[in-house]
Amino acid sequence: MKKLKRLKEKNAPSERKKSIKKELVAFTLVCILGIVLVLSASAVYFTYDSTKESLTKSLKETSSLVADKITQKINTYSILAESAALYKNSAGVSTISLKSYLQKECSKYNLTKIDIIDATGNSVIDSTSYLQDTTYQQVKNGSAFLSDPIFVGDDVFFDYAYPYDNSVVMIRFPYAIL
């Protein structure tokens, strides 16, 4: 028994050293893991934040460019609408001649359709009634109007209505040309 007691006494300091070593290793590992977690979380946050800022800046620049392009197209369509209305008001212009002129302009500008609507709400080309058309209704107050997108099957269009004198020029163009 005495030998066993002596052995325990001799091994006690080494067991304490092992225990302290284990605690020190465990503490070091916990600290390292904590630092890694904090650094990872901050890296994720800063990456997210910088990506969000970059995306916001990119979207603002893109929307500005798109707005400028749409404004240019609308200005072009306003000039086209005025010229169509002037052509219609020219003396001696027949419906056939007007229809041919509008078809040429459609081809030239890649438009789907140009129509001129008289004061009664009917097309001067084919007598189609536009009285129930939302875009026509909006333009009756005297200001040009661009419709919301119009979906026809897989195609997307916009209608642009431009008032001129007692007529309204309706231009339908595909989304693809914007």
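A residue is taken as buried when its relative accessible area is under 20%, and by this criterion strand E5, spanning residues 167-174 of the predicted model, is mostly covered, with seven of its eight residues buried. Strand E5 is paired with two other strands. Strand E4, which covers residues 155-164, is joined to E5 by eight bridges in an antiparallel arrangement, and within this pairing Phe158 lies opposite Phe173 of E5. The hairpin that E4 and E5 form has two residues between the strands, and Asp165 adopts a positive phi near 50° there. Strand E1 likewise pairs with E5 in the antiparallel sense, over five bridges, and Ile114 is placed opposite Ile171 of E5.

Attention then turns to an acidic residue of strand E1. Asp115 belongs to this strand, which runs over residues 113-117. Because its relative accessible area is 2%, and the cut-off for burial is under 20%, Asp115 is classed as buried. The side chain of Asp115 is engaged in a polar contact with the side chain of Tyr130, at a distance of 2.8 Å. When neighbours within four places in sequence are set aside, the residues in contact with Asp115 include Tyr130 itself, together with Ser123, Val124, Ile125 and Asp126. The contacts of Asp115 also include Val168, Val169 and Met170, residues that fall within the range 167-174 assigned to strand E5. The surroundings of Asp115 thus combine the polar contact to Tyr130 with contacts to residues of E5, the strand with which E1 is paired.

Technical notes. Residues numbered from 1 in each chain as written. Predicted model: local features only at pLDDT ≥ 70, side-chain atom pairs only at ≥ 80, totals over all residues. Heavy atoms only, no water. Helix = DSSP H or I, 4+ residues; strand = E, 2+ residues; numbered from the N terminus. Buried < 20%, exposed > 50% of the residue type's maximum accessible area, 1.4 Å probe, protein only. Polar contact = N/O pair within 3.5 Å; in protein donor to acceptor, adjacent residues only side chain to side chain. Contact = heavy atoms within 4.5 Å. Pairing = 2+ DSSP bridges.
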